[in-house]
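Reader: Hey, I'm new to this and about to open my first two-chain model. Could you walk me through it?

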Amino acid sequence: MLFSVNRLKELGIDLDIKTLSDSLFQLGHEVEEIEDKYIDKLVIGEVLKVIKHPDADKLSICDVNVGDKTLQIVCGASNIKEGLKVIVALEGAQIGELKIAPVKLKGVESNGMICSLAELGYSKDKLSSKDYEGIHEINEDVNVGDNPMEVLKLDDKILDVFLTANRGDCQSYKGLYNDLISLINYNGNNKKLKKYKIDADDFKKKITLENNYKLEVDQSECDFFSMQYIKDVEVKESSWEDKIYLLKQGVKSQNSITDISNKVLIETGIPSHIYDADKINGLLKVCLLETEEEFKGLDEKEITLPKGTLVIKDKEKIVALAGVMGSYETRITSNTKNVLVEVASFNPKSVFNSSKLIGKKTDAALRYEKSIDTNTISLVNKLIVNKISDKNNNCEISELEEVDNKKNDKVSIELEYKTVKKVLGIEICKDSIISILTNLDFEVEDKGDFLVAYAPFYRKDMEIENDLIEEIIRVYNIDNIDIDGNMSTFLTTDKVIKDTKNDFVKKIEKNLLKQGLNQLITYSLINEKQAKEFSKDIDLSVELMSPLSNEHRYYRQSLLPSLIDVVKNNYSYQEKYNTSFEIAQTYEQTKELKEDTKLAIIMSGECENYYLGQKRKYDFYDIKAKLENLFSELNLYFKLEKEENIKELNPYASAKIIVDNKEIGVIGEVVFDYYKKMTEKIYVLELSLNELKDIKESKKSTKYESISFLPSINRDLTIEVNKEEEFKEIISIFNDINYLENYTLIDIYDGEHISEDKKSITFRLKFSDKKETLTNEIIDIEVEKIFNISDKKGYVINGR
Amino acid sequence: MKENLLNIKNDFDIKVKDIKNEADWNLIKVEFLGKKGYITLALKELKNCENKQEVGKNIKEVKDYIEEHLNNLKKDIDQEKKDKKLKASKVDININGRKQVLGKQNILIQTQREIEEIFQNMGFEVALGYEVETDFHNFEALNLGVDHPARDMQDSFYINPQLLLRTHTSNIQSRVLSTNKNKELKIICPGKVYRRDDDDATHSHQFMQIEGLVVVKKDSDYTASLKDLKTILTLFVREIFGSDELKIRLRPSYFPFTEPSVEVDVTCSQCLGDGCSFCKQTGWIEVLGAGITNPKVLSIAGYDEKEFTGYAFGIGVERIALLKHNISDIRLIYQNANQFIDQF
């Protein structure tokens, strides 16, 4: 909320700006911004003569008396006229970005600038179009040559103070002032500042009318409602004083009646509403809508209010969305003659719901949602009525119609003195505690070891012991808590977390980083097109009720669409290789909501680790190698089985990942439809880490097997087989071969010198034994066995 | 004989100059010192000489002279040979190494892991939870009832009236508390959270949070006061930003799940508190929120709030990463451009 330093000063707070904002900070009200409204080298001038600019239609050449001299100034405003008193920026004044200096405008010398309010730094949407487009016409009694900063009260500093959600009571000068003086009075030894007083002990005018409007109030929704009729008022433009007050608060001035309500709201925190009484038929009725109804508010937008909305009606129509805004029809206009003043307290929840309907928080709603100080409502009503009657000598006021159902129970909280030290870690003496609470308007009873504090009625946030402790430390100054030099804070507790998921994920992360893959983090919320990719069914996707945009509507079932997007985007910045992975949660909504943490890998483009010259593109076997290396570290084994049913994957180059007879993921080449503009192929894999973790945990740790230092024998073997022959089939020739420690695939060849339907495969076989040194004779026997099996399968052994 | 020896020496002096490599050297050695070499022959002739002693001495002088020369020469030849061999391996030290590519971790995850480690070293355990969470664990259990005004502070993504994307990782706090009733705890809860914010340079609808929670018995030796909280957070910021100069400042604030609540500012690392454009001349940067666990939260979870107390804090991981690495736009993190990832 915005606060004017001058207004606080008027109320009695005489602190320099640094001390003021530090004090607010200490109390928990952060000053987010300080706007200095002061502008140097402004003067009040009088327009003596206006003639048209010979070469520009919209410009006028003016002679302006600024006291000690008369200046020629070229002005573009349409409301310029002789005799006006205006604000003149002299040479050297800084107006926004513009530094005023003598210039020639279309050939005519101009020695200053006549200013509009917009040019003095008041935002366009808070000004009437007249004030925004035209220069400011001064109607107040001021002298030529005066400094407008002083005489028009323009000189001020505006604090933008962030108020926390629990401190609804501080959303007014009254509230903030009272909080501030608790600190000032606690620290100061001079005379104490008095609490803010709403100066309206009684009506200034005699009640001369009966109130002919009836009141009907649903008391569960409204615990206080007051209404008063005022006859014969005049609706005009507000006085400069009111206007500039509101402008500094960031509120647009409306008219002399409505502005009173707004100003009182800012001062006291109590919202009110003033209706054109002639537009109200018979009564005001506070009720919940029984059926949905149309409503057009002051903002001129028409909305449908659902059943159950808290409204105020007269005999026939809704006249206000209670606590939020009045209806357009019953608003104050320049023709309004008689008004109805309403000050009430509404159910915060209902106001909160109504705010949602209109999609914004009005100033009134902001107060109601956090509960208002109902104890001051009567006073505020008097204040408003008095302010109206002050300005309308001939008006008459009616008797007050009131429904009062408010409860005035004070909250009492007990606090053991020793608890203060426990919670804060520092000692605060009893006297200080009592003094602080008293300054904060609490009634305190000291009971020896503990105290009982009765919270002021407006402190709706006071419920428990810790609330009091927070109050104490706010005023005592939280900065008085030092850190513990011994750092004895290293307390130990029992280990309670059995969840090892984070460690498992970190292990996988580390392995893949070692393998040269980058770890990414992408958004979990994706669009519909993405949600349809790599998912079983988009209907199983978790969908948001009210997404911010369609780009982020579904919680993903697969990480792959996001990773493919990253690769595509990088590709568009000429980054043509990408080897990355992501680990993240996914959700699937079947009968139950199922969470799975998935690992996805993506590889595309040129191998980066090829050195100086030699280049190669990533292929299926590169991504499979990542999986092999990962499983090797986990001491687990996987096998691949053909997968032809995933529409995003090439059926000739994709597979299911099977571990322990369980399908836990897929691997393969992405069908090019999904990255049309790219020339590089994309390979992906995705698997369930929840499943993998379960499998890993079910395995016992690896046991040592004896190793042999006896020499081994290597034999190379090249066989020619049909091109379509699968590797799984080919290697079956090594089943049941003794001493064969392992075989390595060295080469696959299907080029020249070999018939078109064949391929030639070379293995290196390694034979070894743990007990005896092998001889070539022994190995020959084993190799012969391989030859025989190959013959049966129709394989041709080269060089046999 | 004397003349003969002089000739041998002169002859050697001439021939030795022609030695260019090991082969030449071998030939000369054989020619002069070999079985049929001049020196050997001269020694054989010694027996025919009259003054053997003197001649013998002369021969030895010449022999020593030749041997010494040849040995020195051999050393040079060997050295040259070695040099040649070494030179064959000459490299250009400025050409890039033949690297094994290592993966880079998005700076956000790096920062997350760093923060986890700092707290793990202080004895915290890591607890994880669900991103899609019940309204109960995300709000109600944390003292944010259905009508709590603070709920509008964090406008959330609902899936249905009971389920939403968690708005903080305090949902883990709620779950861990309710499954470990009346036990002392010291946990951190990292994870992704979601709020209905439009994405811009400083806001993101998805971000990463690390929540910390300590719960202790009120009558134990250990306390969990604001002072302890300030201490542990001071240790944390010093560790994560790598400077023992840093201080933290607390400011009273409001969160429904803590009471008292504080915002935590840390000394601006750019100006060390003097005030600069980075910290808007305040000398401080806001980094996290914290407070004493609201007794209501403990009691909702089934703890005896009269016997237990604790504190909690919530760290925005993006905020730390952005500050620490001078990153100007949060969206860069989620964009994952190679050029961005490769920098850290």
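Author: Sure. One term to start: helices (H or I, at least four residues) and strands (E, at least two) are DSSP runs, numbered from the N terminus. This is a predicted model, where local features need pLDDT of at least 70, side-chain atom pairs count only at pLDDT 80 or more, and totals for chains, interfaces and linings use all residues. Residues are numbered from 1 along each chain as its sequence is written, chains are lettered from A and ligands numbered from 1 in the order in which they are written, and side-chain values use heavy atoms, leaving out hydrogens and water.

Reader: OK, what ipTM and pTM does the predictor give the complex?

Author: The ipTM is 0.83 and the pTM is 0.84. For chain B, the mean pLDDT (the predictor's confidence in each residue, from 0 to 100) is 90, and 99% of the residues of chain B reach 70 or more.

Reader: Let's stay with chain B then. In what order do the 7 strands of the open sheet sit?

Author: The order is S1-S5-S6-S10-S9-S8-S7, with mixed pairing. Two strands pair if DSSP finds at least two bridges between them.

Reader: Which strands are at the edges?

Author: Strand S1 (125–126) and strand S7 (248–255) of chain B; each has a single partner strand, so one side of each is left without a neighbour in the sheet.

Reader: And how many bridges join S8 to S9 in chain B?

Author: There are 8, between S8 (residues 258–267) and S9 (residues 284–293), and the two strands run antiparallel. To find one bridge yourself, look for B:Glu263, whose partner in S9(B) is B:Gly289.

Reader: Anything odd along S8?

Author: Yes, B:Pro260 sits in strand S8 of chain B, and the peptide bond joining B:Glu259 to B:Pro260 is cis, with omega about -5 degrees.

Reader: Cool. Now helices: at what angle do H1 and H3 of chain B cross?

Author: At roughly 175 degrees, for H1 (residues 2–16) and H3 (residues 38–46), whose axes come within 11 Å. Axes here are lines fitted to C-alpha atoms, for helices over the stretch in contact, and angles run from 0 to 180 degrees between N-to-C directions. That makes H1(B) roughly antiparallel to H3(B); angles over 145 count that way, while under 35 is roughly parallel, 65 to 115 roughly perpendicular and the rest oblique.

Reader: Which residues make the contact?

Author: From H1(B) come B:Asn4, B:Ile8, B:Asp11 and B:Lys15, and from H3(B) come B:Tyr38, B:Ile39, B:Ala42 and B:Glu45. Contact means heavy atoms within 4.5 Å. The residues of this contact split into 4 nonpolar, 1 polar and 3 charged. For the classes, Ala, Val, Leu, Ile, Met, Phe, Trp, Tyr, Cys and Pro count as nonpolar, Asp, Glu, Lys and Arg as charged, and the others, Gly among them, as polar.

Reader: Switching to chain A, how do H12 and H13 cross?

Author: H12 (residues 430–439) and H13 (residues 465–476) of chain A cross at roughly 95 degrees, and their axes come within 9 Å. H12(A) and H13(A) are therefore roughly perpendicular to each other. A:Ile433, A:Ile436 and A:Leu437 of H12(A) meet A:Leu468, A:Glu471, A:Ile472, A:Val475 and A:Tyr476 of H13(A). That contact has 7 nonpolar residues, no polar ones and 1 charged.

Reader: What about A:Phe534, is it buried or exposed?

Author: A:Phe534 is buried, with a relative accessible area of 13% (buried means under 20%, exposed over 50%, partly exposed in between, with a 1.4 Å probe and protein chains only). A:Phe534 lies in the loop between helix H15 (528–532) and strand S31 (542–543) of chain A, and has a positive phi of about 55 degrees although it is not a glycine.

Reader: And where is A:Asp660?

Author: In the loop between strand S36 (649–659) and strand S37 (662–670) of chain A. A:Asp660 is not a glycine either, and has a positive phi of about 55 degrees. A:Asp660 is partly exposed, at 45% relative accessible area.

Reader: Last one: which strands form the open sheet of 3 in chain A?

Author: The order is S1-S12-S2, with antiparallel pairing. Strand S1 (2–4) and strand S2 (30–36) of chain A are the edge strands, each pairing on one side only. S1(A) pairs with S12 (residues 157–162) of chain A over 3 bridges, and A:Phe3 stands opposite A:Leu159 in S12(A).
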